[in-house]
Amino acid sequence: MTNSIQPADLGFFSVLAGAGSLSAAARELGITTPAVSRHLALMEARVGLSLVNRTTRRMSLTPAGEIYLAH
């Protein structure tokens with residue numbers, strides 16, 4: 001995998017961070033929740049870091065996710 005940030009990832013991650021959950025992000029983006037999860041997993045694989053802490057009901061940004069969002 002490459003360690004590059006893809007341009008499409010920036011908008012996706014911004015929506016995801018603001019939505020507060022994978023399902024809310026999916027509704028906002030007009031895609032399925034599994035598609036959001038896959039996109040996030042690919043992003044995390046590319047950067048080699050966990051960006052989001054996931055639970056069954058909520059998600060929160062990791063410290064690395066906070067930095068990613070800020071940049």
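Residues are called buried when their relative accessible area is under 20%, exposed when it is over 50%, and partly exposed in between, using a 1.4 Å probe and protein chains only. By that criterion Pro7 and Gly18 of helix H1 are exposed, on the other side of the helix from its buried residues Asp9, Phe12, Phe13, Val15 and Leu16.

The model is a predicted one, in which local features need pLDDT of at least 70 and side-chain atom pairs count only at pLDDT 80 or more, while totals for chains, interfaces and linings use all residues. Residues are numbered from 1 along each chain as its sequence is written, and side-chain values use heavy atoms, with hydrogens and water left out.

Helices (H or I, at least four residues) and strands (E, at least two) are DSSP runs numbered from the N terminus; on this basis the protein chain has four helices and two strands, in the sequential pattern α-α-α-β-β-α. Elements that enter the description below are tabulated here.

| Element | Residues |
|---|---|
| Helix H1 | 7–19 |
| Helix H2 | 22–29 |
| Helix H3 | 33–47 |
| Strand E1 | 52–54 |
| Strand E2 | 59–61 |
| Helix H4 | 63–70 |

Helix H1 has 13 residues and reaches 19 Å from its first C-alpha to its last, close to the expected 18 Å, where the expected span is 1.5 Å times one less than the number of residues. Seen down the axis of H1, its buried residues fall within an arc of 165° (taken over the directions from the helix axis to the C-beta atoms), so they line one face of the helix. These buried residues pack against H2, H3, E1, E2 and H4, and just after H1, Gly20 takes a positive phi of about 90°.

The largest nonpolar core, meaning a set of buried Ala, Val, Leu, Ile, Met, Phe, Trp, Tyr and Cys residues joined through side-chain atoms within 4.5 Å, has 14 residues, and those with the most contacts inside it are Phe13, Leu16, Val36, Leu40 and Val52. H1, H2, H3 and E2 each supply at least two residues of this core. With contact defined as heavy atoms within 4.5 Å, and residues up to four places away in sequence not counted, Phe13 touches several residues, including Leu40, Val52 and Tyr68.

Glu44, in helix H3, counts as buried because its relative accessibility is 11%. A polar atom of the Glu44 side chain lies 2.8 Å from the backbone nitrogen of Leu51.

How values were computed
A polar contact is a pair of N or O atoms within 3.5 Å; within protein, one must be able to donate a hydrogen and the other to accept it, and residues adjacent in sequence count only if both atoms are side-chain atoms.
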